[in-house]
Amino acid sequence: MRYQSLTIVVVLVAVLFIAIDSSSFLQRHIGSVGDSVKIFILNVKDGITLSYNKYIAQAKTIEHYEEKLKNYERLELELEHTQNELDALSVFDTQQAFANDTRFFPARAYSYVSMGDSNRVWIHFDVSNYPEDRIFGLVQDNKALGIAVIYDNKLMGLLNGERKSSYSVFIGDEKIPAIVHSSALDHRYITADFIPSWRKVNIGDQVVTSGLDGIFIEGISVGEVVSVNRDFGYISAEIKPYAQRSKLGYLWLIDTAFPMQSSAPQSLLTP
C-alpha cells in the first residue's frame, strides 16, 4: 500500500512535467509566476538595503551634527574669553592683564556621589595629569553650574547649592563684586555675599562670573537677583541660578590654570 501511494505520486509528477514541457501556455504562466516571485524578492532586498543605507546615513548625519554642536559650544566659550581679553586689552593696553592659556574640555557627569544628594556628581574626565588641588569651573548650556575638584583620583562636581561650591561673580551692569555659595534661606537659590555696603543691588540684576578667582572666565551667566538683604550695613542677595541641577549629562570644564587657584582649600576635598 505504501509503495502504491509513492508510485501514484511519481506518476503524477511525471505527467505534470510532460504537460508543462509540451504546453507553451503552462510554461508561460509558470514562468510569469516565477518572475513575479523573483521581482518581489528583489524588491524586498532593495527595500531593506535602502532602509539600511538611510539608517546608516542618518546616524552619521546625527553624529556629524552632534560634533558640530559640541564644537559650536566650545567656540562660544572661547569667543567669550577672547572678547574679555580684548576688553581688558582696550583698558590696559600696556600690560597683560589676563591669561591666554584658558582651556575648555568636554566631560560627562555620570552618577551622584551619594544617593539623595543631587549637588555632588562624579564627572568622567582624566585627571591623572593634574595636581590634586586643581579647581575647575563647570558650565552647561553657557551657564555656570558649579565647580569641580579632584577627590580620590576622580573628578567630583560641586554644583550650585552645594555648601562647598563657591566662586566670584559680578552683579548688574556696574559689575558689583561678590562671592556666591549655597543659600541658608532657600535650597532653590544661591547667596551672593561680601557685597560692598555702599553699592546698590537691585532685584532683577543679572549675575555673571567675574573670573577674578581663577576658576571661571568672566561673563558666564549665573542667575538673577530675586531678593536683597541689608542688615547692619551688610548686604547679601539671593540668586536664582539659571543652570538646572536636574539636567546633567554632558558639560564643559574650564581650566584657567591661574596660579591664584592652584591650591584648593582642604575643606573642598572632603566629602
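**Exercise 1. Find the strand that holds D193, then work out what surrounds this residue.**

Step 1. D193 sits in strand β8, which covers residues 190–195. Keep in mind that you're looking at a predicted model.

Step 2. Now look for a charged partner. D193 is buried yet has no salt bridge. The nearest side chain of opposite charge belongs to R230, and that is 12 Å away. A salt bridge needs a nitrogen and an oxygen within 4 Å, so R230 doesn't qualify.

Step 3. Check for other polar partners. The side chain of D193 makes a polar contact with the side chain of H181, at 2.5 Å.

Step 4. Fill in the surroundings. Skipping neighbours within four places in sequence, D193 is in contact with A178, I179, H181, Y234 and S236.

**Exercise 2. Do the same for E238: which strand is it in, and what does its side chain pair with?**

Step 1. Start with the strand: E238 belongs to β11, residues 234–241.

Step 2. E238 is buried and has no salt bridge; R188, the nearest side chain of opposite charge, is 8.9 Å away.

Step 3. What the side chain of E238 does have is a polar contact with the side chain of S183, at 2.6 Å.

Step 4. List the touching residues, leaving out those up to four places away in sequence. Among them are S183, L185, Y189, I190 and T191, and also E224, V225, V226, S227 and N229.

**Exercise 3. How many salt bridges does the structure hold, and which residues share D255 as a partner?**

Step 1. Begin with the count: there are six salt bridges in the structure. As a reminder, side chains of opposite charge can pair when their charged atoms come close.

Step 2. Take R103 and D255. Their closest N and O atoms are 2.7 Å apart, and they form a salt bridge. R103 lies in strand β1 (residues 103–114) and D255 in strand β12 (residues 249–255), so this pair ties together parts that are 152 residues apart in sequence.

Step 3. Compare how open the two ends are. R103 counts as partly exposed because its relative accessibility is 39%. D255, at 0%, counts as buried.

Step 4. Add R134. This residue also forms a salt bridge with D255, with the closest N and O atoms 2.9 Å apart. R134 lies in the loop between β2 (117–124) and β3 (135–140), and D255 in strand β12, so the pair ties together parts that are 121 residues apart in sequence. Both R134 and D255 are buried.

Step 5. Turn to another pair, K175 and E218, whose closest N and O atoms are 2.7 Å apart in a salt bridge. K175 lies in the loop between β6 (167–171) and β7 (176–182), while E218 lies in the loop between β9 (206–209) and β10 (221–231), so parts 43 residues apart in sequence are tied together. K175 is partly exposed at 45% relative accessibility, and E218 is partly exposed at 23%.

Step 6. Put the shared partners together: R103, R134 and D255 are joined into one network.

**Exercise 4. Which residues touch the most other members of the largest nonpolar core?**

Step 1. This core has 32 residues, and those touching the most other members are Y167, V169, I171, A192, I195, F216 and I220.

Step 2. Zoom in on I195. Apart from neighbours within four places in sequence, its contacts include I171, I176, P177, A178 and V201, along with I235, S236 and A237.

Step 3. Finish with the second, separate core: it has 17 residues, including A109, V121, F136 and I150.

Conventions. Residues numbered from 1 in each chain as written. Predicted model: local features only at pLDDT ≥ 70, side-chain atom pairs only at ≥ 80, totals over all residues. Heavy atoms only, no water. Core = buried A, V, L, I, M, F, W, Y, C linked by side-chain atoms within 4.5 Å. Buried < 20%, exposed > 50% of the residue type's maximum accessible area, 1.4 Å probe, protein only. Contact = heavy atoms within 4.5 Å. Helix = DSSP H or I, 4+ residues; strand = E, 2+ residues; numbered from the N terminus. Lys, Arg positive; Asp, Glu negative; His and termini not counted. Polar contact = N/O pair within 3.5 Å; in protein donor to acceptor, adjacent residues only side chain to side chain.
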